[in-house]
Amino acid sequence: MALTLELTVQGLQMMLVLLLAPLLTGFVRKVKARLQRRQGPSLIQPYRDLLRLMRKEVVLADNASWLFRVTPYLIFAATWVAAALIPTFATGLTFSWSADLIAIVALLGSARFFLALAGMDVGTSFGGIGASREVMIASLAEPAMLLIVFSLALVAGATQLSTVAAFMNSSEVGLRVSLGMALIALIIVAIAENARIPVDNPATHLELTMVHEAMVLEYSGRHLAMIEFAAFLKLLLYMSLIACVFTPWGLVTAGTGLTSYVLAATAYVAKLAVGGILLAVFETAIAKMRVFRVPDFLGAALMLALLGTLLLFVSRSL
């Protein structure tokens with residue numbers, strides 16, 4: 001009976017992530033529009049866009065290979081699995097052992113690898129530009145992310161998210177400069193990975209500025225719907241990761257009862273709302289930077305994560 005309940009909660013957590021991802025994107029767009037004194041699209045507009053794309057016919061280039069056709073499904077599957085592994089409102093579930101930070105980084109890296117390959121598959125200039133810029137960003141974002149993982153592992157003694165969340169929610173943490181550096185580095189990496197301002201503008205199609213959009217210009221129909229859905233999931237993934245690691249309040253352990261699950265899910269939705277508002281305010285207050293300034297932006301995250309890791313090593317050796 002307990003195993004059945006845990007599997008049910010695990011399935012509900014996976015479905016909750018799937019259902020909230022488009023809503024989070026719509027909420028961020030709505031808040032940005034309000035801050036700019038515009039009406040803005042409806043909160044459920046991302047759902048409508050996905051349904052419209054699913055109904056449309058897929059148009060493929062004559063020289064598109066099997067990789068171009070398979071990549072959208074691979075990207076969606078890898079991103080959904082990575083997002084579902086992060087504890088949203090409950091820890092200690094049946095598959096919590098697989099919620100490892102290194103595994104999540106590997107899944108996201110695999111999705112990026114296939115997206116870059118698909119962008120170059122057709123042979124268009126836009127795809128090549130977008131793929132080269134994506135790889136440039138990944139060459140700095142992934143090492144920074146791994147250093148953040150190492151910092152958390154040195155503090156919590158594990159890379160398993162349930163263990164990290166439990167430790168961060170305990171009184172043993174205290175105020176640590178290394179964790180503050182890791183948090184700022186993770187926010188910078190999240191902005192870059194989700195192609196948000198100032199690294200990229202998700203609402204533009206200018207060839208001089210776009211990164212993510214350049215790789216998916218040749219996609220249409222259900223293929224484009226899968227890629228857009230994966231982008232929604234990726235934004236929710238990083239917000240869930242920040243909430244799980246640095247604000248783990250409200251997380252409950254498995255088997256605590258229905259009321260606790262409902263309260264924890266409510267707290268999770270509230271965290272996403274606060275994160276969406278902060279992201280909208282940040283994007284409204286800052287301008288898009290030049291592409292050649294992006295390495296400096298991500299270099300700051302890499303240095304912060306490295307300094308945090310070195311600080312932990314020094315404090316442990318003393």
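# Close-up views of the model

**View 1. Phe113 counts as partly exposed, at 48% relative accessibility.** Its value lies between the 20% and 50% limits, so the ring is called neither buried nor exposed. Phe114 is also partly exposed, with a relative accessible area of 27%. Please keep in mind that everything shown in these views is a predicted model.

**View 2. Aromatic pairs: five of them are counted in the model.** One is the pair of Phe89 and Tyr261, an edge-to-face arrangement with 6.2 Å from centre to centre and 80 degrees between the planes. This pair links distant parts of the chain: Phe89 is in the loop between α3 and β1 (90-91), Tyr261 is in helix α10, and 172 residues separate them. Are these two residues buried or exposed? Both Phe89 and Tyr261 are buried. Another pair joins Phe113 and Phe114, the residues of View 1, again edge-to-face, at 5.5 Å centre to centre with 70 degrees between the planes. Elsewhere, ring pairs link Phe76, Trp80 and Phe229 into a cluster.

**View 3. The largest pocket has a volume of about 970 Å³.** Its lining draws two or more residues from each of α1 (2-35), α2 (45-55), α3 (66-85), α4 (101-121), α5 (125-156), α7 (177-193), α8 (212-215) and α9 (221-246). Which of them gives the largest share? That is α9, with eight residues. The lining has 41 residues in total, and those nearest the pocket's centre are Arg29, Pro202, Glu213, Glu228 and Ala231. By class, the lining of the largest pocket divides into 22 nonpolar, 13 charged and six polar residues.

**View 4. The second largest pocket has a volume of about 480 Å³.** It is lined by 21 residues, and Ile187, Met239, Ile242, Gly275 and Leu278 lie nearest its centre. The elements that give two or more residues to this lining are α7, α9 and α10 (258-285). Of these, α10 gives the most, with seven residues. Sorted by class, the lining of the second largest pocket has 16 nonpolar, three polar and two charged residues.

**View 5. Helix α6 (residues 161-168) is largely enclosed by the rest of the structure.** Why is it described that way? Six of its eight residues are buried, so the surroundings enclose most of the helix. The buried residues of α6 are Leu161, Ser162, Val164, Ala165, Phe167 and Met168. And what covers them? The cover includes β1, α4, α5, α7 and α9.

**View 6. Two residues that are not glycines have a positive phi: Arg37 and Ala195.** For Arg37, phi is about 60 degrees, and the residue lies in the loop between α1 and α2. Arg37 is exposed, because its relative accessibility of 83% is over the 50% limit. For Ala195, phi is about 55 degrees, and its place is in the loop between α7 and α8. Is Ala195 buried or exposed? Ala195 is buried, because its relative accessible area of 11% is under the 20% limit.

**View 7. A cis peptide bond runs from Ile197 to Pro198.** Its omega is near 15 degrees. Pro198 lies in the loop between α7 and α8, which is also where Ala195 of View 6 is placed.

**View 8. Leu117 of helix α4 is shown together with Gly128.** How far apart are Leu117 and Gly128 in space, C-alpha to C-alpha? The distance is 9.2 Å, while in sequence they are eleven residues apart. Leu117 has 28% relative accessibility, so it counts as partly exposed.

**View 9. Confidence along the chain: the average pLDDT of the protein chain is 89.** A score of at least 70 is reached by 96% of the residues. Which elements mark the two ends of the range in mean pLDDT? The lowest mean, 81, belongs to α8, and the highest, 96, belongs to α2. When you look around for yourself, remember that predicted coordinates should not be read in detail where pLDDT is low.

How values were computed: Residues numbered from 1 in each chain as written. Predicted model: local features only at pLDDT ≥ 70, side-chain atom pairs only at ≥ 80, totals over all residues. Heavy atoms only, no water. 1 Å grid on protein atoms, 1.4 Å probe; cavity = no way out; pocket = protein on both sides within 12 Å on 5 of 7 lines; lining within 4 Å. Points joined across faces, edges and corners; volume = space filled by probe spheres on them. Helix = DSSP H or I, 4+ residues; strand = E, 2+ residues; numbered from the N terminus. Nonpolar A, V, L, I, M, F, W, Y, C, P; charged D, E, K, R; others polar. Phe/Tyr/Trp six-rings, centres within 6.5 Å; stacked < 30°, edge-to-face > 60°. Buried < 20%, exposed > 50% of the residue type's maximum accessible area, 1.4 Å probe, protein only. pLDDT = per-residue confidence, 0-100. Contact = heavy atoms within 4.5 Å.
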